[in-house]
Every structure is written in C-alpha cells, then in structure tokens.
Amino acid sequence: MDAFKTSRQPQRDPDFYDADYEDERDTTEVPGGEKLQKVLAQAGVASRRACEEMIGEGRVTVDGQVVRRFGARVDPSKQVIHVDGKRIPTAPELVYYALNKPIGVVSTMEDPQGRPSLADYVQDLTALRLFHVGRLDTETEGLLLFTNDGELAHRLTHPSFGVQKKYWAKVPGPIARGLHRVLQKGVDLEDGLARVDEFRVVQEHGQQALVEVVLHEGRTHIVRRIMEQVGHPVIDLARIEFGPVKLGRLKPGTIRALSLKEVGDLYAAVGM
Ligand code: URA
C-alpha cells in the first residue's frame with residue numbers, strides 16, 4: 001500500500017504541478033488562488049511541509065472534496081477547508097476573540113448613559129467590525145465571544161443550534177438534594193418553561209453555595225430568574241464556558257484570540 005502511494009506521489013515541484021496538473025474531477029481549484037499548504041500553514045495548522053503531507057494523505061477537504069494534489073490553489077476567503085474533519089478558519093479577514101467581561105460593563109458597544117461598555121475592551125479591534133456573540137447582564141461577569149463571522153455568530157446564538165453555556169452562581173444555601181431534578185424538569189417562568197441541561201453544587205459554605213448551571217437557551221436574565229424561582233436568588237454570576245470555549249484563567253477585562261482548535265470546535269458545535 002505504501003509503495004503504491006509513493007509511486008503515485010508526484011515529485012515535489014509545486015510550480016511544475018501548478019502549471020501542468022489538471023484533474024477534471026476536482027472542481028475546487030481556483031486559478032490564481034493561494035496554495036493550499038500555505039493557507040493551512042498561515043492558519044496555524046502546521047508547517048507548510050507538514051501541511052503538504054496532510055494534503056497528500058487525503059486529510060484535507062476543500063468545499064467537501066478531498067484534495068490530494070500538490071500545488072492546489074484555493075480561495076481562503078470563500079472556500080470551506082477542513083483538516084481531519086475539522087473546519088479551519090482560513091479567511092484572513094475573520095477573527096475570533098474571548099473577553100472576560102467585568103461586572104458593571106454593559107453588553108453593548110456603546111452606552112448612551114456613559115457606563116463602561118464593551119467598546120472599552122475591544123477598542124483596538126474596532127476596525128475589524130467585530131460584534132459580540134449574545135450578551136451578559138451588566139452585573140454578570142465572564143466569557144463573551146467576539147467575531148466578525150456573521151454566520152457563526154448567528155448559529156451560536158440561535159436556540160435551534162442548542163449551544164450550551166455554563167455558569168457558576170453564588171446563591172444562598174443550603175441546596176436541597178433533589179434540586180437538580182426540579183431544574184432539569186423545568187421551572188415555570190412568566191415567559192414559559194425553562195429547563196437546565198445540568199446542575200450541580202460546586203461548593204457549600206455555611207449559608208452560601210456555589211452552583212453550576214448548564215443551559216442552551218439565552219432568554220434575558222435566564223439563570224437569575226430560574227434560581228430566584230426555586231428560592232435561591234443569585235448573588236454573583238459568571239459565565240465560564242460558551243460551547244467548547246472555556247474562560248480558563250482569563251482575567252476580568254482581558255481579551256484573547258481564540259485558538260485554531262477553539263474556532264474549529266465552535267464551527268463543529270453548530271454544524272459548519
Ligand atoms: N443568565 C442570566 O441571568 N444573566 C446572564 O447574564 C446570562 C444568563
């Protein structure tokens with residue numbers, strides 16, 4: 001099998017292949033586009049050489065087609081590229097960030113009342129036409145994603161895609177043993193039933209408890225309203241995960257670019 005592969009592999013002379021390779025079955029080639037291995041390397045997948053090998057091994061698809069040839073040229077802004085089934089963000093103009101929104105900051109780019117707003121944290125990035133993915137209450141801190149990838153942002157916030165968010169809430173204790181069952185069954189709110197996907201007590205200290213709530217909906221004040229309804233009004237609230245992205249050790253008020261893996265995982269979470 002290996003010998004077969006080797007004998008079919010062309011000599012590494014990309015320019016020669018650029019000029020002469022023609023595969024009628026492959027509709028992904030973009031004449032004058034960028035070399036696929038360069039695009040992958042620039043996206044941070046691996047070195048150009050390693051990317052060439054991945055291409056040769058059939059691990060790379062462009063618009064759903066496996067592309068094995070050396071010197072393949074693509075349009076990184078328009079074509080959808082996957083490596084090992086995971087989408088690679090290749091469009092140079094698309095960016096993805098995570099902010100740890102501090103308490104007291106409104107989830108808008110500008111506040112008419114002059115309160116601290118998100119613009120204070122993404123000022124250097126405004127030329128990129130970033131927008132925030134969903135909102136957090138002014139009094140909630142934690143993970144807020146930013147991107148200029150409209151389709152991804154839409155899917156991440158649309159309830160039909162069911163992306164889970166994880167919160168830690170400080171609430172008055174003690175927590176009754178069966179509360180997770182009540183919350184998973186659903187709590188009646190004024191705008192309908194609200195169910196949590198997961199609930200657990202992280203810590204209990206005297207009259208206070210730290211609880212973890214996972215849900216995949218985004219109605220206003222949803223965690224606060226659910227916990228209030230079951231007799232544990234939220235004292236402090238933080239979002240610690242958004243789908244596959246974790247807040248980690250990001251300090252309040254700081255922003256970081258998402259990794260290639262995180263962006264690929266976000267795409268996968270919403271079927272892109
Ligand atoms: N639920 C809330 O109550 N507040 C938030 O900011 C997010 C979810």
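**Exercise 1.** Find where His 221 sits in this predicted model, and work out whether His 221 is buried, partly exposed or exposed.

*Solution.* Start with the place: His 221 is in the loop between strand E14 (208-215) and helix H8 (222-229). Next, check the backbone: phi is about 55 degrees, a positive value, even though His 221 is not a glycine. For background, most residues other than glycine have a negative phi. Last, take the relative accessible area, which is 40%. Buried means under 20% and exposed means over 50%, so His 221 counts as partly exposed.

**Exercise 2.** Track down Asp 63 and describe what surrounds it along the chain.

*Solution.* Asp 63 lies in the loop between E2 and E3. Its phi is near 50 degrees, again positive in a residue other than glycine. With a relative accessible area of 42%, Asp 63 is partly exposed. Now look at the strands: E2 (residues 60-62) and E3 pair in the antiparallel sense over two bridges, and Val 62 has Gln 65 in E3 as its bridge partner.

**Exercise 3.** Which strands stand at the edges of the sheet that holds E2 and E3?

*Solution.* First write down the order: this open sheet of four strands runs E3-E2-E5-E6, with antiparallel pairing. Then read off the ends: E3 (65-66) and E6 (86-88) each have a single partner strand, so one side of each has no neighbour in the sheet. Finally, add the helix: H3 (residues 36-43) lies across E2, E5 (81-83) and E6, at about 75 degrees to E5.

Note on methods: Residues are numbered from 1 along each chain as its sequence is written. This is a predicted model: local features need pLDDT of at least 70, side-chain atom pairs count only at pLDDT 80 or more; totals for chains, interfaces and linings use all residues. Side-chain values use heavy atoms; hydrogens and water are left out. Two strands pair if DSSP finds at least two bridges between them. Contact means heavy atoms within 4.5 Å. Axes are lines fitted to C-alpha atoms, for helices over the stretch in contact, and angles run from 0 to 180 degrees between N-to-C directions. Buried means under 20% relative accessible area, exposed over 50%, partly exposed in between (1.4 Å probe, protein chains only).
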